[in-house]
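Biologist: I have this model open on my screen and would like a close look at one part of it. Could you take me through the charged pairs first, and then through whatever surrounds them?

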Amino acid sequence: MNSVLAKSSALTKNPVLAKNPVLTKCALFLCLAFALISLPLKAETLAAPDAYQTLFSQSADTAQLVTLSQKLNLGETVRGHFVQSRQLKVLKKPLISQGQFIFDQTQGLIWQQIKPFESLLILKDKQLIQRDSQGRVQVSKADASASAAAMGDLLPSLVRAMLGGDISGLSENFELHFLSTDKLNAENLSPGSQWQLGLTPKDPLMKKAIANMVLEGDDTLQSLVLLSAAPSVSPQDMTRIDFSALSQGKLSETELAQYALAVEANKP
């Protein structure tokens, strides 16, 4: 565990990110490692980073992105379960956590870890709200500087792309790569075809936290992979988040109450 904490500390002490603590927390949140360092629940083996070399050698065109947007569009509100496997260079086995999430295009994102311990993260109105297992709440505003504000804009756009099908805006902040098993007709993907969308951040600060990201799926989003370096680099830190039980529908009273935490946290 000490080695894991040391790895997390190294990121927060990065000379570029250290100048802006809000930006640091934004980067950590995007890694989904912000306050989510956990003990392994089970031993699993993640796919090697070099498995994505073919993906990042190909560019995505407009027609492919339009088709993918249609597949990923789950509506204004989507919820589901996640299992996160985080492999660090300093560890032999991945760290496993699991929980549930809610994304609403108006309210924002709720990321609720249930195992191995409870914690809650809310991304709403350019703010990161964290509630730990002891019930303590911490708020970080992403508008303290121009760079942090840019990150605050980037995070919601990434989530909207993953869960709301808003792919077109990603090209402003990422270099996009696309690969599909439906090679004969990649611009009009047939039902059940597997696809991968690779994202390389254009922002240097963002790239220091995450070098590359990969979205994977078929008719719906299946997983998000975060790589700390180029796919050709090994070993490296790698996080895989698998999504399941995705569903649509209006927010319940209980879910609205969770978003209300963001309002309560800002009261004097």
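Modeller: Gladly. Start with Arg-240 and Asp-242, whose side chains form a salt bridge with 3.0 Å between N and O. Bear in mind as you look that this is a predicted model. Arg-240 counts as partly exposed because its relative accessibility is 22%, above the 20% under which a residue is called buried. Asp-242 is also partly exposed, at 28%. The pair belongs to a network, since salt bridges with shared partners connect Glu-216, Arg-240 and Asp-242.

Both residues fall within the numbering of strand β11, which covers residues 238–248. Follow that strand to Phe-243, and the setting turns from charge to aromatic rings. Phe-243 is buried, with 10% relative accessibility. Its ring pairs with that of Trp-111 in an edge-to-face arrangement, with 6.4 Å from centre to centre and 85° between the planes. Trp-111 sits in strand β3 and Phe-243 in strand β11, so this pair ties together parts of the protein that are 132 residues apart in sequence. Trp-111 is buried too, at a relative accessible area of 5%.

Now turn to the other side of the story for Trp-111. A pair of rings is described by how far apart the centres are and by the angle of the planes. For Phe-82 and Trp-111, those values are 4.0 Å and 20°, and the pair is stacked. The label follows because planes under 30 degrees apart count as stacked, while those over 60 count as edge-to-face. Phe-82 belongs to strand β1 and Trp-111 to strand β3, so here the rings tie together parts 29 residues apart in sequence. Both Phe-82 and Trp-111 are buried. Ring pairs join Phe-82, Trp-111 and Phe-243, together with Phe-101, into a cluster. Across the whole structure there are four aromatic pairs.

Next along the chain from Trp-111 is a polar residue, Gln-112, which also lies in strand β3, residues 108–115. Is Gln-112 buried or exposed? Gln-112 is buried, because its relative accessible area of 19% is under the 20% cut-off. Its side chain has a polar partner: a contact of 3.2 Å joins Gln-112 to the side chain of Gln-258. Beyond its sequence neighbours within four places, Gln-112 is in contact with Phe-82, Gly-99, Gln-100, Ser-119, Leu-120 and Gln-258. Phe-82, from the stacked pair with Trp-111, is therefore also a contact of the glutamine that follows that tryptophan.

Gln-258 leads on to another charged pair. The numbering places Gln-258 within helix α6, residues 253–265, which also holds Glu-255. The side chain of Glu-255 meets that of Arg-79 in a salt bridge of 2.8 Å, N to O. Since Glu-255 is in helix α6 and Arg-79 in strand β1, residues 77–87, the bridge ties together parts 176 residues apart in sequence. Glu-255 is buried, with a relative accessible area of 12%, and Arg-79 counts as buried at 15%.

For a contrast in setting, look at Arg-136, which forms a salt bridge with Asp-132 at 2.8 Å between the closest N and O atoms. Arg-136 counts as exposed, because its relative accessibility is 56%. In total, the model has four salt bridges.

To place all this in the wider fold, the protein has six helices and 11 strands. Of its 268 residues, 51% are buried. In soluble globular proteins, nonpolar side chains tend to be buried together. Here the largest nonpolar core has 36 residues, and Leu-197, Leu-199 and Met-213 touch the most other members. Helix α4, residues 146–164, gives the most to this core, with five residues. Leu-199 has contacts beyond its sequence neighbours within four places, among them Phe-56, Leu-158, Phe-174, Ala-211 and Met-213. There is also a second, separate core of eight residues, including Ile-110, Ile-122, Ile-129 and Tyr-259.

Methods: Residues are numbered from 1 along each chain as its sequence is written. This is a predicted model: local features need pLDDT of at least 70, side-chain atom pairs count only at pLDDT 80 or more; totals for chains, interfaces and linings use all residues. Side-chain values use heavy atoms; hydrogens and water are left out. A nonpolar core is a set of buried Ala, Val, Leu, Ile, Met, Phe, Trp, Tyr and Cys residues joined through side-chain atoms within 4.5 Å. Buried means under 20% relative accessible area, exposed over 50%, partly exposed in between (1.4 Å probe, protein chains only). Helices (H or I, at least four residues) and strands (E, at least two) are DSSP runs, numbered from the N terminus. Contact means heavy atoms within 4.5 Å. A polar contact is a pair of N or O atoms within 3.5 Å; within protein, one must be able to donate a hydrogen and the other to accept it, and residues adjacent in sequence count only if both atoms are side-chain atoms. Rings of Phe, Tyr and Trp (its six-membered ring) pair if their centres lie within 6.5 Å; planes under 30 degrees apart count as stacked, over 60 as edge-to-face and the rest as tilted.
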